[in-house]
Amino acid sequence: RRPRESAACLRVSAGGNMATKSQQAYGLIHTARFGNHAANIEPLEFVRPLSEICLRSAAMHFRNRPTFAGVPERYKEHLAALIPTDIPLSVSGPLIDNEVYWKRCASDLFQNCLPADHGHSWKQLFFEKTVEEALENFDGSDQAHTALVKLLRTSQDYVYKLKIRQFAAHADVALLFDNLPNLYAFSITYGSRNVGMKYERSIFGMKLADAEFLSQQLPRSETLTTLVLNENILDDEKVRRLVVGLRDNMTITSLDLSHNKISDRGSRALCKCLGKDSVISTLSLCDNHIHSEGGKFLGRALQSNLALVDLNIRLNRLGEKGGCYIFEGLKSNGALSRINVSGNGLGDGSGQGEAVRVMAAMLRVNRVLTHVDISSNSLGEEGGVVLRDALEENDQVKTLDVRVNKIPPEICAGIREFLWRNEESQRTVKVARDRRARTTRTAVADEK
């Protein structure tokens with residue numbers, strides 16, 4: 001028994017010594033790598049792998065030898081992460097597609113970068129923001145013009161969307177359309193931001209010359225689908241100039257002219273772009289000066305328009321007559337699915353207004369309208385009852401905003417019940433349609 005006990009003691013002792021040695025070895029390795037501040041020992045410098053030394057050297061001299069030739073595929077991303085971000089765009093643009101590099105470039109220059117707003121691409125984000133910044137700071141001088149044209153030509157393959165928040169130079173936008181062949185979304189606000197005490201009325205808003213310049217470019221564009229000209233102090237005469245180009249343009253499907261000074265004459269001119277051959281599917285005219293006469297022209301255009309699916313005319317001055325014209329036009333319209341007429345002075349508060357009754361008659365016959373916003377008017381209790389009764393015969397409208405109309409809660413609850421009924425009915429129809437489609441596909445596959 002004693003020899004066995006002695007052997008066990010020896011094994012325990014040996015195990016303890018091995019654990020102690022392992023801890024000591026780990027301590028030495030840790031001290032070598034990270035140092036020991038308590039003992040004032042600096043970490044050792046290990047020799048870097050040859051591949052990393054080569055990559056660092058290639059990155060350091062990339063400005064003089066801008067190429068990825070000879071670099072194995074597995075090292076290209078690492079090299080892109082080491083290349084300096086101040087390489088000229090004329091060099092880095094055609095050569096570097098790695099998103100890591102362009103993320104570094106964008107993060108160094110811009111804040112709140114969201115690639116989702118730029119095609120989910122850091123490279124597209126960087127070039128679009130760089131061009132936007134150059135245009136917003138453009139002063140119109142010859143030197144600045146030369147530099148801007150050079151930048152546009154360098155960026156032409158990577159810029160698809162532009163949102164210019166200030167453009168005080170009022171220069172000819174032909175330089176954009178001539179040098180950016182892929183531009184499909186264009187938003188511009190003429191003026192200057194954060195001017196403080198240097199305010200000058202003359203630099204704000206689109207001028208007649210600006211409208212003429214843009215109008216000349218619209219028929220030439222083959223890619224532009226979205227045009228946003230909000231907050232440009234657009235009046236009727238400028239809209240008439242723009243319409244000349246819009247009528248010959250067959251690519252713009254979304255047009256935003258909100259927050260301007262368009263009145264009835266401008267509305268009449270704009271309706272020339274909403275005929276049977278129109279391709280505009282989304283139109284925003286909110287916060288303008290359109291009265292009942294302008295509503296009459298819009299209503300007439302809606303009778304025959306086959307493209308418009310979303311119309312926003314909130315915060316105008318349609319009044320009872322203008323509202324009647326709009327809803328009369330929707331009786332025979334077979335395309336519009338969304339309309340916003342909130343804040344237009346519809347109704348007289350007693351429910352005796354004519355507009356709400358024309359709208360109710362429209363809801364009984366229209367089978368394409370699904371979203372209606374008629375909030376912030378004065379429909380009154382009786383007007384709410386009229387709408388509720390009309391919804392009983394309508395199975396398409398899914399949302400109807402009637403807030404701030406002096407309609408009692410119990411009537412609003414009745415309206416919501418019909419909306420829920422319509423939404424549930426459409427959901428059931430969609431499920432049945434999808435099931436039939438799957439069954440048909442399965443049957444076709446079995447026959448093959």
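How do the residues lining the second largest pocket divide into nonpolar, polar and charged, and which numbers go with each class? They split into eight nonpolar, five polar and one charged. Please keep in mind that this is a predicted model. Below is a friendly tour of two pockets, a sheet and one serine.

**The second largest pocket**
- This pocket holds about 220 Å³ of space.
- Its lining is made up of 14 residues, and those nearest its centre are Cys54, Leu55, Ala58, Gly70 and Val71.
- Helix α2, which covers residues 50–60, provides the largest share of that lining, with five residues.

**The largest pocket**
- Here the volume comes to about 270 Å³.
- If you want to find it on the model, look for its lining residues: Gln111, Asn112, Leu114, Asp117, His118, Glu128, Lys129, Glu132, Lys161, Leu162, Lys163 and Arg165.
- Seven of the lining residues are charged, three are polar and two are nonpolar.
- Both α6 (122–136) and β1 (161–167) supply at least two residues of this lining.
- Strand β1 gives the most, with four residues.

**The sheet**
- As general background, strands in a sheet pair through backbone hydrogen bonds, in either a parallel or an antiparallel way.
- In this model, nine strands make an open sheet with parallel pairing, running in the order β1-β2-β3-β4-β5-β6-β7-β8-β9.
- The edges are taken by β1 and β9 (399–401), and each has a single partner strand, so one side of each has no neighbour in the sheet.
- From one strand to the next, the twist averages 5°.
- For a look at one pairing, take β6 (residues 310–312) and β7 (residues 338–340), which are joined in the parallel sense over three bridges.
- Within that pairing, asparagine 312 has asparagine 340 of β7 as its bridge partner.

**Serine 51**
- Serine 51 sits in helix α2, the helix that gives the second largest pocket five of its lining residues.
- Its relative accessible area is 29%, and serine 51 therefore counts as partly exposed, a class that lies between the cut-offs of under 20% for buried and over 50% for exposed.
- Serine 51 and tyrosine 75 are 24 residues apart along the chain, and their C-alpha atoms are separated by 8.6 Å.

Note on methods. Residues are numbered from 1 along each chain as its sequence is written. This is a predicted model: local features need pLDDT of at least 70, side-chain atom pairs count only at pLDDT 80 or more; totals for chains, interfaces and linings use all residues. Side-chain values use heavy atoms; hydrogens and water are left out. On a 1 Å grid over the protein atoms alone, a cavity is a set of points where a 1.4 Å probe fits but cannot get out, and a pocket is an open set with protein on both sides within 12 Å along at least five of seven lines; lining residues have an atom within 4 Å of a point. Grid points are joined across faces, edges and corners, and a volume is the space filled by probe spheres set on the points. Ala, Val, Leu, Ile, Met, Phe, Trp, Tyr, Cys and Pro count as nonpolar, Asp, Glu, Lys and Arg as charged, and the others, Gly among them, as polar. Two strands pair if DSSP finds at least two bridges between them. Axes are lines fitted to C-alpha atoms, for helices over the stretch in contact, and angles run from 0 to 180 degrees between N-to-C directions. Buried means under 20% relative accessible area, exposed over 50%, partly exposed in between (1.4 Å probe, protein chains only).
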